[in-house]
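Hi everyone, thanks for coming. Let's get the structure up on the screen before I start talking.

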Amino acid sequence: MRTDNDAALLETLLASTEPRLRPGSAGLHLSDGDVRPWEQEEARRLRRAETTREPAPLLSHRHPKISLGNAYRIQWHGVALRVADGARVVGHKVGLTSAAMQEQFGIDQPDSGLLLDYMAVTEDRALQLGDLVAPRVEGELAFRLGADLSGADVGESAIRSAVAETFLVLEVIDSRYGFEGLTLADSVADNAACGRFAPGAAVPGLVPDLGEEHLTLRVDGAVAASGFGRAILGDPIRSVAWLVHRLAAFGTGLRAGDVVLAGAVHASLPLGGGQTVAVSSPRLPQAVLHVA
């Protein structure tokens, strides 16, 4: 059950997509209204793990009865700490959308997290592996929206019309708890394991029949994984629909300009120093990640 305070915190974080928001202003909501000090402390614990690269003990071991509502509030508090340090929200990711990913981590439903500007890695610079705790890489489909989307009744037709660009992306997931024994609540609290993302060049509009798009992931030129777009909830657009409906339950939605990572088409792979990882498909430009 969300509260008005929850909705206000999330809405403030999403408003950080606007450059005029002063760094630190989102953090003001951390002390407003219905404060849960233990959730804030958990967010700080995860932030310390991110900055020190030392994994935190699993939340689910310390709070076995934690709800997803608690976990999402921890996520938002954690993102607010990053916004207070000058980061900016640029979109969302939906995780655990394929059977391969759910089986890999023993979790049977999707989750979502917020993407921040510092997470984007362009092809002309290398990802510093030492900046992460437990990095793994996935090949995904992604979108940039050209219109707002909000409400529990938004259908797939409206979502298709709202897509301004389609592109491939390499997502680097990174659990600040480590991945061993991870539960859904752990993943949610840790911002759905958002680490970094390397986008390919975008194609205007929505590429049709993305369920039939075959993605191939190569590590140092050798095929390491592959899968069809339909692995993402049957159709990647359904991933965006899931996210819109999830955000509606929190009193907010997606905005024009948002990037949305729809999810992986294969199980994640460990990421190593010195690697070059690329994901390609027949109709979309490849995305490339160089690892230092």
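I'll go through one helix pair, then some aromatic rings, then two odd backbone spots.

A quick word on where this comes from: it's a predicted model, local features need pLDDT of at least 70, side-chain atom pairs count only at pLDDT 80 or more, and totals for chains, interfaces and linings use all residues. Residues are numbered from 1 along each chain as its sequence is written, and side-chain values use heavy atoms, with hydrogens and water left out.

Okay, helices. Two packed helices are described by the angle between their axes and the distance between the axes. Here, α2 (residues 37-52) packs with α4 (residues 68-84) at about 55°, and the axes are 8 Å apart. That makes α2 oblique to α4; for the cut-offs, under 35 degrees is roughly parallel, over 145 roughly antiparallel, 65 to 115 roughly perpendicular, and the rest oblique. The helices and strands, by the way, are DSSP runs numbered from the N terminus: H or I with at least four residues for a helix, E with at least two for a strand.

So who touches whom? Contact means heavy atoms within 4.5 Å. On the α2 side we have residues including W38, A43 and L46, and they meet a set in α4 that includes I74, H77 and L81. By class, that contact has five nonpolar, four polar and seven charged residues.

Next, the rings. Rings of Phe, Tyr and Trp (its six-membered ring) pair if their centres lie within 6.5 Å; planes under 30 degrees apart are stacked, over 60 edge-to-face, and the rest tilted. That rule gives four aromatic pairs. One of them is Y72 with W76, which is tilted, at 6.3 Å centre to centre and 40° between the planes. Both sit in helix α4, four residues apart, about one turn of the helix. Y72 and W76 are both buried, and buried means under 20% relative accessible area, with exposed over 50% and partly exposed in between (1.4 Å probe, protein chains only). Ring pairs also link Y72, W76 and F250 into a cluster.

Last bit: which residue has a positive phi of about 60° although it is not a glycine? That's L96, in the loop between β1 (89-95) and α5. L96 counts as buried because its relative accessibility is 10%. N191 has a positive phi too, near 55°, and isn't glycine either. You'll find N191 in the loop between α7 and β5 (194-199), and at 4% relative accessibility N191 counts as buried.

Technical notes. Axes fitted to C-alpha atoms, helices over the stretch in contact; angles between N-to-C directions. Nonpolar A, V, L, I, M, F, W, Y, C, P; charged D, E, K, R; others polar.
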